[in-house]
Amino acid sequence: MNYNKKMINRINRIQGQLNGVVKMMEENKDCKDVITQLSASKSSIQRLMGIIISENLIECVRLAEENDESSKDLINEAVNLLVKSK
């Protein structure tokens, strides 16, 4: 699978969020603010995981169809990955 620039940029933003959380913790910021930022980071990671799974599924189904193979197993695998990511 090819990971595009948008995906990499998302990871970079998440890293920035997490670095901000570390700084907040070092500065003994209020726990509500820390949790809010951690929650935002978690949501960003989950969205990115969904995008990667979706893109991969599209690619795998396309390849399966080109090779006259069943895509049922690929779809089940993608659904399992989505369930694990929650």
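## A buried serine in α2

S41 is buried, at just 2% relative accessible area (buried means under 20%, exposed over 50%, and partly exposed in between, using a 1.4 Å probe and protein chains only). You'll find S41 in helix α2; helices here are DSSP runs of H or I with at least four residues, strands are E runs of at least two, and both are numbered from the N terminus. Setting aside neighbours within four places in sequence, S41 is in contact with Q17 and L18, where contact means heavy atoms within 4.5 Å.

A quick word on what you're looking at: this is a predicted model, in which local features need pLDDT of at least 70 and side-chain atom pairs count only at pLDDT 80 or more, while totals for chains, interfaces and linings use all residues. Residues are numbered from 1 along each chain as its sequence is written, and side-chain values use heavy atoms, with hydrogens and water left out.

## Q17 and S44, the other partners

Q17 sits in helix α1. With 23% relative accessibility, Q17 counts as partly exposed. Skip its neighbours within four places in sequence, and Q17 is in contact with A40, S41 and S44. Looking back towards the start of the chain, Q17 and M1 are 16 residues apart in sequence, and their C-alpha atoms are separated by 26 Å.

S44 belongs to helix α2, which covers residues 31–66. Like to know whether S44 is buried or exposed, and which residues touch it? S44 counts as buried, because its relative accessibility is 13%. Beyond its neighbours within four places in sequence, the contacts of S44 are I14 and Q17. So here's a serine in α2 that counts as buried at 13%, with Q17 as one of its contacts.

## M7 at the other contact site

Now go to M7, which is also a residue of helix α1. M7 is buried, with a relative accessible area of 6%. Which residues does M7 contact, leaving aside its neighbours within four places in sequence? The list runs M1, L48, I51, I52 and E55. L48, I51, I52 and E55 have numbers that fall inside α2, residues 31–66.

T36 makes a handy ruler for M7: the two are 29 residues apart in sequence, and their C-alpha atoms lie 23 Å apart in space.

## The loop and its salt bridge

N28 lies in the loop between α1 and α2. What's unusual about its phi? N28 has a positive value of about 55°, although it is not a glycine. N28 counts as exposed, because its relative accessibility is 69%.

E27 and K29 join side chains in a salt bridge, 3.8 Å from N to O; the term means a side-chain nitrogen of Lys or Arg within 4 Å of a carboxyl oxygen of Asp or Glu. Side chains of opposite charge can pair when their charged atoms come close. How many salt bridges does the whole structure hold? A full search finds one. E27 is partly exposed at 42% relative accessible area, and K29 is partly exposed too, at 44%.

## The overall build

The protein has three helices and zero strands, and reading along the sequence gives you the pattern α-α-α. The radius of gyration of the protein is 17 Å, well over the 12 Å that the globule rule gives for 86 residues, so the protein is more spread out than a compact globule. That radius is taken over C-alpha atoms, and the globule rule is 2.2 Å times the number of residues to the power 0.38. Along the principal axes, the C-alpha atoms fill a box of roughly 60 × 25 × 10 Å.

Of the 86 residues, 16% count as buried. Among contacts with a separation of 6 or more, 54% come from residues 24 or more positions apart.

## How far to trust the model

The mean pLDDT of the protein is 88, and 99% of the residues score at least 70. pLDDT is the predictor's confidence in each residue, from 0 to 100. Which element scores lowest, and which highest? Helix α3 (residues 72–84) has the lowest mean pLDDT, 77, whereas α1 has the highest, 96. Where pLDDT is low, the predicted coordinates should not be read in detail.
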